[in-house]
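Here are some exercises to work through at your own pace. Try each task first, then compare your steps with the solution below it.

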Amino acid sequence: MIANYGYKDGSGEYYISIDTDKCTSCTAGRACLTACPKEMFEIITDDYDDEVAAVKQSFRRTLAFDCTGCKPAGGYTSLPCSTACTPGAIKHSW
Amino acid sequence: MITAGIDMGSRTVKVVFLEELKVDGAPQLRWGVKGKHIMFPEDLDPDQAADKAFEDALKGAGISRDQITRVVSTGSGRKQVKFANADITEVGAGARGAVFMCPTAKTVVDVGAEEGRGVKANAEGKVVDFAGNEKCAAGAGAFAESMSRALQLSLKDFGEASLRSDKTIPMNAQCTVFAESEVVSLIHSATPKEDIAKAVLDAVASRVCAMVRRVGIEDDVILIGGMVHNPGFVQSLKGALGVDKVHLPDMPEYISALGAALIAADGDA
């Protein structure tokens, strides 16, 4: 399942997509949990009883601001979350 | 076996009972909508609302709590249904119920009071891809309701008025609050109400469509949730999605509760 967390507002579309099929057999040791400086990710049990990564509820409305520090403007050339997730489950829409 | 699905939405509680029957030796599912919409009165907390809706539904169906083998809750208030055996997200429940109602459906568009979302489902009714809007109410029923109040029209008249317009007036505001000020400006410039109604519903459809496009539009498309009752919105959504046909199930606001009841019957959740 592809889970898109985020929103679209007047300034753009801000979604973090998680391919949860890649989470169920995570080979990265759930590195997303520690890779994000804001600890935005958590492991949840989804509707199909799989343990998968998700963006915490409290961050889902503020991604544009919360992720700014990890974008090129913050001095990063690649996103820590996407880089840490070696199976390639995490993608940003912007 | 009778199972129950209870959908605690932001504005209403919906209850569906599902009974498995043997018809000519073959199992067949029969579902009945026995729960009435309960608007949340200010003095009624969600916990009480769930109890009241469920009790009313049991009375309406003429069955007792003991006959219910399993209850699964869904909706934004699903965790507040204390008597539920399990809960499931509104995304999963909506997809399951929608595919049950329309087995050929691959794209489920769910527009309720609080939130709109696009879901891609497989033939078993499992979610393959979904996108919602966690921030903005402009792609949901509450927005249309608020704008109908600004136009001093009932929701029913609002939807029907929109069908009488062939004008396209873009609404630029993404936010409900700012959109209302755009509506007021249109009223002041003597724009006919039907044109404003269409502009509002086109805007809601456009926001919903953006979410559906994230998951991809694949035939067949089914629309569930309370906004199905708004013919103007259905028309606007068809235009925004660029599809000729959108399946509209009976009792669309109960489909997520039906999905929860089906999942209760499966024993999955």
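The exercises below go from chain B as a whole to its helices, its contact with chain A, and a few single residues.

This is a predicted model, in which local features need pLDDT of at least 70, side-chain atom pairs count only at pLDDT 80 or more, and totals for chains, interfaces and linings use all residues. Residues are numbered from 1 along each chain as its sequence is written, while chains are lettered from A and ligands numbered from 1 in the order in which they are written.

**Exercise 1. Describe the overall make-up of chain B.**

Step 1. Start with the secondary structure: chain B has eight helices and nine strands. Helices (H or I, at least four residues) and strands (E, at least two) are DSSP runs, numbered from the N terminus.

Step 2. Turn to burial. Of the 269 residues of chain B, 52% count as buried. A residue is buried if 20 or more other C-beta atoms lie within 10 Å of its own, exposed if 12 or fewer, and partly exposed in between, with C-beta atoms placed from the backbone.

Step 3. Look at contacts (two residues whose C-beta atoms, placed from the backbone, lie within 7 Å). Among the contacts in chain B with a separation of 6 or more, 71% join residues 24 or more positions apart.

Step 4. Split the chain into domains, whose bounds come from an automatic or database domain assignment. For chain B, this gives domain 1 (2–102 + 252–266) and domain 2 (132–241). Six residues of domain 1 of chain B are in contact with six residues of domain 2 of chain B. The domain 1 side of that contact has four nonpolar, one polar and one charged residues. Here Ala, Val, Leu, Ile, Met, Phe, Trp, Tyr, Cys and Pro count as nonpolar, Asp, Glu, Lys and Arg as charged, and the others, Gly among them, as polar.

**Exercise 2. Work out how α6(B) packs against α3(B) and against α7(B).**

Step 1. Take the first pair. Helix α3 (residues 141–150) and helix α6 (residues 193–215) of chain B pack at an angle of about 170°, with their axes 10 Å apart. That makes α3(B) roughly antiparallel to α6(B). Axes are lines fitted to C-alpha atoms, for helices over the stretch in contact, and angles run from 0 to 180 degrees between N-to-C directions. Angles under 35 degrees count as roughly parallel, over 145 as roughly antiparallel, 65 to 115 as roughly perpendicular and the rest as oblique.

Step 2. Find the residues that meet: B:F143, B:A144 and B:M147 in α3(B) are in contact with B:V200, B:L201 and B:V204 in α6(B). By class, the contact of α3(B) with α6(B) has six nonpolar, no polar and no charged residues.

Step 3. Move to the second pair. α6(B) and helix α7 (residues 231–241) of chain B pack at an angle of about 50°, with their axes 8 Å apart. That makes α6(B) oblique to α7(B).

Step 4. Sort the residues of this second contact. Those from α6(B) include B:L201, B:V204 and B:V208, while those from α7(B) include B:F233 and B:L237. The residues of the contact of α6(B) with α7(B) divide into 11 nonpolar, three polar and two charged.

**Exercise 3. Which elements of chain B give two or more residues to the side that touches chain A?**

Step 1. Set the scene: the contact takes 17 residues from chain B and 15 residues from chain A.

Step 2. Name the elements, which are β8 (127–132) and α6 of chain B. β8(B) gives the most, with five residues.

Step 3. Classify the side of chain B that touches chain A: eight nonpolar, four polar and five charged residues.

**Exercise 4. Is A:A53 buried or exposed?**

Step 1. Locate A:A53 in strand β4 (residues 51–55) of chain A.

Step 2. Count neighbours: A:A53 is buried because 25 C-beta neighbours lie inside 10 Å.

Step 3. List contacts, leaving aside neighbours within four places in sequence: A:A53 touches A:I18, A:C23, A:C32, A:F41, A:I43 and A:A89.

**Exercise 5. Examine the backbone at A:R30, A:E39 and B:D220.**

Step 1. Recall that most residues other than glycine have a negative phi, and most peptide bonds are trans.

Step 2. A:R30 has a positive phi of about 55° and sits in the loop between α1 (20–24) and α2 (32–35) of chain A. With 16 other C-beta atoms within 10 Å, A:R30 is partly exposed.

Step 3. A:E39 has a positive phi of about 50° and lies in the loop between α2 and β3 (41–45) of chain A. A:E39 is exposed, with 12 other C-beta atoms within 10 Å.

Step 4. The peptide bond from B:D219 to B:D220 is cis, with omega near 0°. B:D220 is in the loop between α6 and β9 (221–224) of chain B.
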